[in-house]
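Here are my notes for you, set out as numbered points. Keep the structure open beside them and look up each element as you meet it.

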Amino acid sequence: MLEINQLAARIEKTEILKGLNLSIKPGEVHAIMGPNGSGKSTLASVLAGRESYEVTGGTATFRGKDLLEMDPEDRAREGLFLAFQYPIELPGVGNSYFLKTAINAHRKYRGEDPLDAYEFLKMLKENMKVLEMDATFKNRFVNVGFSGGEKKRNEILQLLMLNPTMAVLDETDSGLDIDALRVVAKGVNHLRDQNHSFLVITHYQRLLDYIVPDYVHVLVDGKIVRSGDKSLALELEAHGYGDLAQTA
Amino acid sequence: MSNETVDEHLKKSYEFGWSTDIEADAAPPGLDEETVRFISKKKNEPEWLLEWRLKAYRHWLTMKEPKWAEVDYPKINYDEVIFYSAPKLAEDAPKSLDEVDPKLLETYEKLGIPLHERAALAGVAVDAVFDSVSVATTFKDTLAAAGVIFCSFSEAVHDHPELIKKYLGSVVPIYDNYYTTLNSAVFSDGSFVFIPKGVRCPMELSTYFRINAANTGQFERTLIVAEEGAYVSYLEGCTAPMRDENQLHAAVVELVALDDAEIKYSTVQNWYPGDENGKGGIYNFVTKRGLCKGRNAKISWTQVETGSAVTWKYPSCILKGDNSIGEFYSIAVTNNLQQADTGTKMVHIGKNTRSTIISKGISAGRSNQSYRGLVRINPKAEGARNYTQCDSLLMGDTCGAHTFPYIEVKNQSAKVEHEATTSKVGDDQIFYCRQRGMSEEDAVNLIVNGFCKEVFRQLPMEFAVEAQKLLAVSLEGAVG
């Protein structure tokens with residue numbers, strides 16, 4: 001699904017990713033942990049196609065296509081989704097309208113007709129129910145006046161509505177209380193199957209109790225220095241990054 | 001955004017850049033008493049109207065061009081402007097559309113104005129003004145059955161002189177300002193609408209304008225009168241072809257609403273704005289004013305202004321009748337090197353009058369936009385209420401937005417509220433939308449539409465769609 005080879009990237013003059021390798025197959029859930037400044041969010045931004053980051057080396061292929069050559073909207077339409085660490089507010093733009101516009105942009109790319117209003121509302125209602133979201137959400141403006149937890153939940157709602165094959169969750173758990181965490185995980189797990197892959201970027205082991213990863217990687221100073229299964233996360237929780245940071 | 005992409009967008013951005021090669025019957029350039037007489041004669045006007053024009057012309061000679069607006073443009077050389085231009089038609093006026101010059105009809109076709117069966121289904125009557133002469137007016141009969149008069153101003157002078165005499169200049173006096181005086185001398189044509197007592201006009205009324213021949217000033221004059229209890233919704237929409245020389249557009253619009261009457265005046269303006277270097281483009285110096293003459297009268301101005309190189313206009317309401325209401329909803333878009341100094345004046349005279357002002361300004365490129373608003377509460381205006389909301393959206397780092405609110409309150413029972421916000425369309429917002437599969441253009445449109453929602457809601461539905469498309473075209477390539 002997603003093959004990343006020796007990826008190097010920088011922002012302005014600062015090198016952040018320095019030869020990152022990662023391979024995610026369909027149906028797999030990978031977690032990335034690492035100390036602050038290691039490049040976790042940079043990785044998310046580079047994959048999504050944020051223009052302020054410059055790729056200086058390496059490759060990234062998504063479903064056989066050169067990801068780095070594609071515009072952000074094409075990457076999205078191919079099936080890549082990023083749940084933002086800091087979701088953006090869009091004043092005046094209704095949540096429901098935003099979702100419908102996004103879904104239809106995807107459908108157009110695939111040569112499909114726009115989703116009819118009835119089907120859309122049905123799908124929206126079902127997904128909002130999974131995420132235990134109040135009906136009023138659909139009429140509010142995208143992220144405007146939302147609490148941190150509501151913003152994250154809204155990201156997952158978009159995830160469910162757009163049904164991407166590859167979802168990158170950038171510190172989705174930061175700022176969430178236990179209940180919100182549980183609901184967010186519920187949403188992610190709702191989508192989890194052979195055709196969906198996830199890259200979960202997180203600081204804390206806690207989220208991984210709910211979204212159990214197949215693989216855990218430790219990112220230090222722009223490179224993945226260690227990989228393992230879910231027990232690696234527990235190990236990090238117990239001992240911190242200490243030794244690994246030295247290894248880099 | 002790379003320069004290449006911006007250039008691509010700009011090249012295709014102004015769709016209506018072409019002109020018809022119909023031989024125009026035009027006055028020689030420049031303005032003198034002979035020109036005024038020429039215009040009046042061409043239109044076969046009665047003596048009293050010629051005198052009115054001459055009075056205005058003579059006064060205009062004593063006036064000085066105003067310079068107080070926040071706009072900068074090269075001096076207009078009135079000696080080079082052609083003040084009258086009409087397409088050559090057969091000596092007899094066309095009795096049916098079959099008799100209208102086919103090239104003209106083709107013009108309307110391109111502009112998307114249906115002058116035949118389709119129009120009937122759409123239920124929109126169209127008074128098409130080509131350069132300085134009104135051509136076919138449709139649905140006269142249907143409207144006549146309702147008692148509504150909707151014709152060109154020129155026709156009204158002949159068919160309803162008593163109404164013209166009664167109301168012309170009653171809202172915007174000849175000497176009001178430099179441009180209205182000029183207009184009063186050389187106005188070519190426009191619309192006349194009269195809704196008699198108690199009649200609700202059965203359809204949206206619409207008019208299209210077009211400036212064709214080079215150096216032709218467009219000086220249209222529109223008068224709309226709604227008698228007691230009457231209602232009318234009127235839409236003005238403009239397009240103009242690409243030109244290198246600047247073109248002056250100094251129109252005057254007067255609205256009169258008697259007791260319990262309502263006039264809804266909507267404008268979608270798309271005059272050629274000049275190229276990306278600020279060359280060419282229309283000068284739009286317009287005076288629009290509505291008089292709520294009677295009790296409980298209501299006048300709403302809704303405008304979407306995206307064109308013109310320089311825009312200078314303040315659609316206003318004089319709230320004379322007790323309980324009268326004035327509303328102003330505006331979206332003004334400026335891009336490249338456009339400039340706009342626009343806003344409104346709400347003058348509260350009667351008791352318990354209310355006014356609402358919602359102004360949305362979108363600046364992009366290296367453009368400059370100013371909102372200038374006056375809310376004046378006169379001493380006898382007991383219980384006056386005003387609510388003003390003035391929002392600016394800046395796109396990119398080289399544009400400007402300014403606000404000049406004037407609030408003059410001379411009655412202690414008045415309540416005046418003013419809110420203003422300024423925001424920027426950020427890269428973050430665009431990226432967020434793109435990550436959800438939307439193109440950059442779609443993202444900008446989404447955000448801009450959200451910003452403009454309140455005003456779009458005020459537009460008659462058929463034209464809200466056109467307005468949204470227009471906004472999209474105007475802002476192509478604006479984020480970079």
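1. Let's begin where the two chains touch. In this predicted model, chain A brings 19 residues to the contact and chain B brings 16 residues. Three helices of chain A, namely α2 (72–78), α3 (95–109) and α5 (148–162), each give at least two residues to the side that touches chain B. What classes of residue make up that side of chain A? It divides into 12 nonpolar, four polar and three charged residues. For the model as a whole, the scores are ipTM 0.94 and pTM 0.77.

2. Two of those helices also pack on each other. The axes of α3(A) and α5(A) cross at roughly 35° and come within 10 Å, and the crossing is right-handed. On the α3(A) side you will find Leu99(A), Ala102(A), Ile103(A) and His106(A), which meet Gln158(A), Met161(A) and Leu162(A) of α5(A). Sorted by class, this contact holds five nonpolar and two polar residues, with no charged residues.

3. Now follow the strands of chain A into an open sheet of six. Their order is β6-β7-β8-β3-β9-β10 (chain A), and the pairing is mixed. Why is one side of β6 and of β10 (223–228) of chain A left without a neighbour in the sheet? Both stand at the edges and each has a single partner strand, so there is no neighbour on the other side. On average, neighbouring strands of this sheet are turned by 20° against each other, direction ignored.

4. Stay at the β6 edge for a moment. β6(A) and strand β7 (residues 166–170) of chain A run parallel and are joined by four bridges. If you would like a pair to look for, Phe81(A) stands opposite Ala167(A) in β7(A). Helix α5(A) packs on the sheet here, touching β6 and β7 of chain A, and its direction makes about 165° with that of β6(A). So α5(A) appears in three of these points: it supplies residues to the side that touches chain B, it meets α3(A), and it packs on this sheet.

5. Chain A has another open sheet for you to trace, this one of four strands. Here the order is β2-β1-β4-β5 (chain A) and the pairing is antiparallel. β2 (14–24) and β5 (65–66) of chain A are at the edges with a single partner strand each, so one side of each lacks a neighbour in the sheet. Strand β1 (residues 2–11) of chain A runs antiparallel to β2(A), and eight bridges join them. Within this sheet, Glu3(A) stands opposite Ser23(A) in β2(A).

6. Over in chain B, look at two pairs of helices. In the pair formed by helix α3 (residues 47–60) of chain B and helix α9 (residues 178–186) of chain B, the axes come within 7 Å and cross at roughly 140°. α3(B) and α9(B) are therefore oblique to each other, and their crossing is left-handed. Arg53(B), Ala56(B), Tyr57(B), His59(B) and Trp60(B) of α3(B) meet Thr181(B), Leu182(B), Ser184(B) and Ala185(B) of α9(B). By class, that contact has five nonpolar, three polar and one charged residues.

7. The other pair is helix α10 (residues 427–435) of chain B with helix α11 (residues 440–456) of chain B, packed at an angle of about 120° with axes 9 Å apart. This angle makes α10(B) oblique to α11(B). The crossing of α10(B) past α11(B) is right-handed. Among the residues that meet are Ile430(B) and Cys433(B) in α10(B), and Ala443(B) and Leu446(B) in α11(B). The contact counts six nonpolar, one polar and two charged residues.

8. Finally, a word on confidence. Chain A averages a pLDDT of 90, with 98% of the residues scoring at least 70. Where in chain A is confidence lowest, and where highest? It is lowest in helix α9 (residues 242–247) of chain A, at a mean of 65, and highest in strand β6 (residues 80–83) of chain A, at 96. The mean pLDDT of chain B is 80, and 78% of its residues reach 70 or more. In chain B, pLDDT stays under 50 over residues 16–23 and again over residues 208–216. Where pLDDT is low, please do not read the predicted coordinates in detail.

Notes: Residues numbered from 1 in each chain as written. Chains lettered and ligands numbered in written order. Predicted model: local features only at pLDDT ≥ 70, side-chain atom pairs only at ≥ 80, totals over all residues. pLDDT = per-residue confidence, 0-100. Contact = placed C-beta atoms within 7 Å. Nonpolar A, V, L, I, M, F, W, Y, C, P; charged D, E, K, R; others polar. Pairing = 2+ DSSP bridges. Axes fitted to C-alpha atoms, helices over the stretch in contact; angles between N-to-C directions. Parallel < 35°, antiparallel > 145°, perpendicular 65-115°, else oblique. Left-handed = near helix turned anticlockwise from the far one by under 90°.
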